[in-house]
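Here is a short briefing to read alongside the structure on your screen. Have the viewer open and ready to rotate as you go.

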Amino acid sequence: MMKGPHNKIFLPFLLLFVCLVSALDPRGARAEEAEIRDVLITNTTEQVLVYFRVTDCFTEEMEEAIHAGIPTTFTFTIELHRKRGFWWDKLEFAREIKHTIKYDNVKKLFYVAFTEDGKRPEQFTDFAEAKTAMSDVNGVAIMPLRNMIRGSTYYLRAKAELEAVKLPLHLEYVFFFVSLWDFETEWITKEFVY
C-alpha cells in the first residue's frame, strides 16, 4: 500500500474511476422506475390525513453511498386542490416534507430524520426497515376538516424526489456521476369527494 503524499493524490483518482465505472454500467444505474403507490386519504375528527409509499426508489449505488455515510434525502411534495366547475381549481394546501437517512459506520446504525410535525427521528439496525421509513409517508395532516366544503370534489397530488447529494469538499467534482442515480417520480393524482 502506498504511503505519504502519493496516497492523497491516488485516492481522488480511484474514487473518480469507481464512479465512472458505476455510471457506465447499465445494470442498476437507476431505480427501475420509482413511483408513488398505495395512496390512502382518510381523516380524524379534526384533520384530513394522507398515507402513501414510494417503490423502486433505491439502487445499488444509492445503497452503497448510504453505507459509505453519505446523507441521503427524499423530498415529498404534497398538494390538495379543490375543483371549482368553471373556475380554475383552487390550491388549498401545499407542503414539502423530507426524510433523511445517515449511516453511522462505527455504531452500525441507520438514523432517519423526518420533517413532519411531531415525528421524532428513528434509528435502525436493519437497513430494510430504515428504507421503509425513508419511503413511507404515514398520516401527514393536509387540511383541517373545518376548512373543507361538504359535497366538494378535491384531489391530492404528490411526487417524490431524491435531493441532490452533498458530498465533502474534496469529492464535490464527483457529483455529476453520483447524480446519475437520482430519481423523481411522476405526479400521482387521487380524487375524492368530501
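The points below go from the overall picture to one sheet and one residue.

Please keep in mind that this is a predicted model. The protein has a mean pLDDT of 81, with 74% of its residues at 70 or more. Its secondary structure amounts to four helices and nine strands.

**Overall make-up**

- Reading from the N terminus, you will meet the elements in the order α-β-β-α-β-β-β-β-α-β-β-α-β.
- The protein has 194 residues, and 39% of them count as buried.
- About 12000 Å² of the protein is exposed, and carbon and sulfur atoms supply 57% of that area.
- If you take the contacts between residues at least 6 apart in sequence, 62% of them join residues at least 24 apart.

**Where confidence is low**

- Residues 13-18 have pLDDT below 50, and this stretch has four contacts in the model beyond near neighbours in sequence.
- Residues 173-177 also stay under 50 in pLDDT. For them, the model has 12 contacts beyond four places in sequence.

**A three-stranded sheet**

- Three strands form an open sheet in the order β1-β2-β7, and their pairing is antiparallel.
- The edges are taken by β1 (35-43) and β7 (136-144); each has a single partner strand, so one side of each lacks a neighbour in the sheet.
- On average, neighbouring strands here are turned by 20 degrees against each other, with direction ignored.
- Strand β2 covers residues 47-55 and runs antiparallel to β7, to which six bridges join it.
- To find this pairing on screen, look for Phe52, which stands opposite Val137 in β7.
- Helix α3, made of residues 127-135, packs on the sheet and touches both β2 and β7. The direction of α3 makes about 20 degrees with that of β7.

**A closer look at Ile41**

- Which strand holds Ile41? Ile41 has its place in β1, one of the two edge strands of the sheet.
- Is Ile41 buried or exposed? Its relative accessibility is 18%, and because the cut-off for buried is under 20%, Ile41 counts as buried.
- Leaving out residues up to four places away in sequence, Ile41 touches Val48, Leu49 and Val50, as well as Leu156, Lys190 and Phe192.
- Ile41 and Tyr51 are 10 residues apart along the chain, and their C-alpha atoms are separated by 6.5 Å.

Key: Residues numbered from 1 in each chain as written. Predicted model: local features only at pLDDT ≥ 70, side-chain atom pairs only at ≥ 80, totals over all residues. Heavy atoms only, no water. Pairing = 2+ DSSP bridges. Axes fitted to C-alpha atoms, helices over the stretch in contact; angles between N-to-C directions. Contact = heavy atoms within 4.5 Å. Buried < 20%, exposed > 50% of the residue type's maximum accessible area, 1.4 Å probe, protein only. pLDDT = per-residue confidence, 0-100. Areas by Shrake-Rupley, 256 points an atom, 1.4 Å probe, with all protein chains shown as cover.
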